[in-house]
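I open this notebook for a reader who is new to the structure, and I set down what I looked up, entry by entry.

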Amino acid sequence: MQTGKCLYIFSGQGEAVLSVAISPDGKQVISGTIDRKISSWELETKKYHRTFSYLTSPYSHNGFINALVYSPNGNIIASASGDKTIRIWQSSTGTIKRTLNGHTDAVLAIAISSDSTILVSGSADKTIKLWNFQTGALLATISGFSPLVFSLDGTMLISVDQSGTIKIWQLDSSDNLPLIGEWWEILGVEPKTHPKDVKLAYLRLAKLYHPDINSSVIAKTAMQVVNQAYQKFQQQLKTHKTHN
């Protein structure tokens, strides 16, 4: 870092490398390639360590490895792929723990909060999804793109959209859900989405957070925010009809 001099080149990874990450203790580096391979390397010995995902593995991604990240304690690795999924791996053994499904297009970016409670993913489907890192449950969907980064204290999420806008999301300290944003961002749609599709997005979120279905404190707060967002949409729609 002081001189910019190349210390070592890790070769033999097959195809083009699209993503890399360094473990929090600085002892390992992982790489992801276009041929679906995730490999780890020992930085001190400069030796190959392990392959997590490869072509013949039943747990391998079915698309490019677009992004990689270590958990803050280094025990877990998360990978994002062109196959629309995020996969969670045990870093010490290379075994898969969980697959997260929900995006409708390639997942391009991922990040993990400093307290290891939230994993966030950004996709070419123009949505950002927040997941419970421990259980894999989907917590929220907001409008956005990649790249993604958490603030060091984990209270804010920074994202970029396709128009070149940088957005800073305030995450509520009690439930880590995005409680601040435009109505379409909270509902996970575009500003000009057809009213029928906006209603469908609202109903999908209501099924997740309605108190008759989900009794958690997080769900109660989220449902209030979703209702407020949908009310703002209805007010905007009413105003637009009046002016026309």
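Entry one, on aromatic rings. I note at the outset that this is a predicted model. I searched the whole structure for aromatic pairs and found seven. In the pair of tryptophan 41 and tyrosine 48 the ring centres lie 5.7 Å apart and the planes stand at 80°, and because planes over 60 degrees apart count as edge-to-face, I entered the pair under that heading. I then looked up how much of each partner is accessible: tryptophan 41, at 7% relative accessibility, counts as buried, whereas tyrosine 48, at 45%, counts as partly exposed. I also noted one aromatic cluster, formed by Trp183, Trp184, Tyr202, Tyr230 and Phe233.

Entry two, on phenylalanine 52. I found phenylalanine 52 in strand β4, which covers residues 48-53, and its relative accessibility of 2% makes it count as buried. Leaving out residues up to four places away in sequence, I listed what phenylalanine 52 touches: Ile30, Ile38, Ser40, Ile77, Trp89, Gln90, Ser91 and Gly94. For one of these, isoleucine 77, I looked up the separation of the C-alpha atoms from phenylalanine 52, and it is 9.6 Å, with the two residues 25 residues apart along the chain.

Entry three, on backbone angles. I kept in mind that most residues other than glycine have a negative phi. Lysine 84 has a positive phi, near 80°, and I located lysine 84 in the loop between β6 (76-81) and β7 (86-90). Serine 116 also has a positive phi, near 60°, and its place is in the loop between β9 (107-112) and β10 (118-123). Are these two residues buried or exposed, or something in between? Lysine 84 counts as partly exposed at 38% relative accessibility, while serine 116 counts as buried at 13%.

Entry four, on helix α2. I checked the length of α2, residues 195-209: at 1.5 Å a residue its 15 residues should span 21 Å, and the end C-alpha atoms are 21 Å apart, which agrees. I then listed the buried residues of α2, which are Val198, Ala201, Tyr202, Leu205, Ala206 and Tyr209. Seen down the axis of α2, these buried residues fall within an arc of 140°, so they line one face of the helix. On the other side of α2 I found Lys196, Arg204 and Lys207 exposed. Tyr202, buried in α2, is also a member of the aromatic cluster in my opening entry.

Methods. Residues are numbered from 1 along each chain as its sequence is written. This is a predicted model: local features need pLDDT of at least 70, side-chain atom pairs count only at pLDDT 80 or more; totals for chains, interfaces and linings use all residues. Side-chain values use heavy atoms; hydrogens and water are left out. Rings of Phe, Tyr and Trp (its six-membered ring) pair if their centres lie within 6.5 Å; planes under 30 degrees apart count as stacked, over 60 as edge-to-face and the rest as tilted. Buried means under 20% relative accessible area, exposed over 50%, partly exposed in between (1.4 Å probe, protein chains only). Helices (H or I, at least four residues) and strands (E, at least two) are DSSP runs, numbered from the N terminus. Contact means heavy atoms within 4.5 Å. The expected span of a helix is 1.5 Å times one less than its number of residues. The arc is that of the directions from the helix axis to the C-beta atoms.
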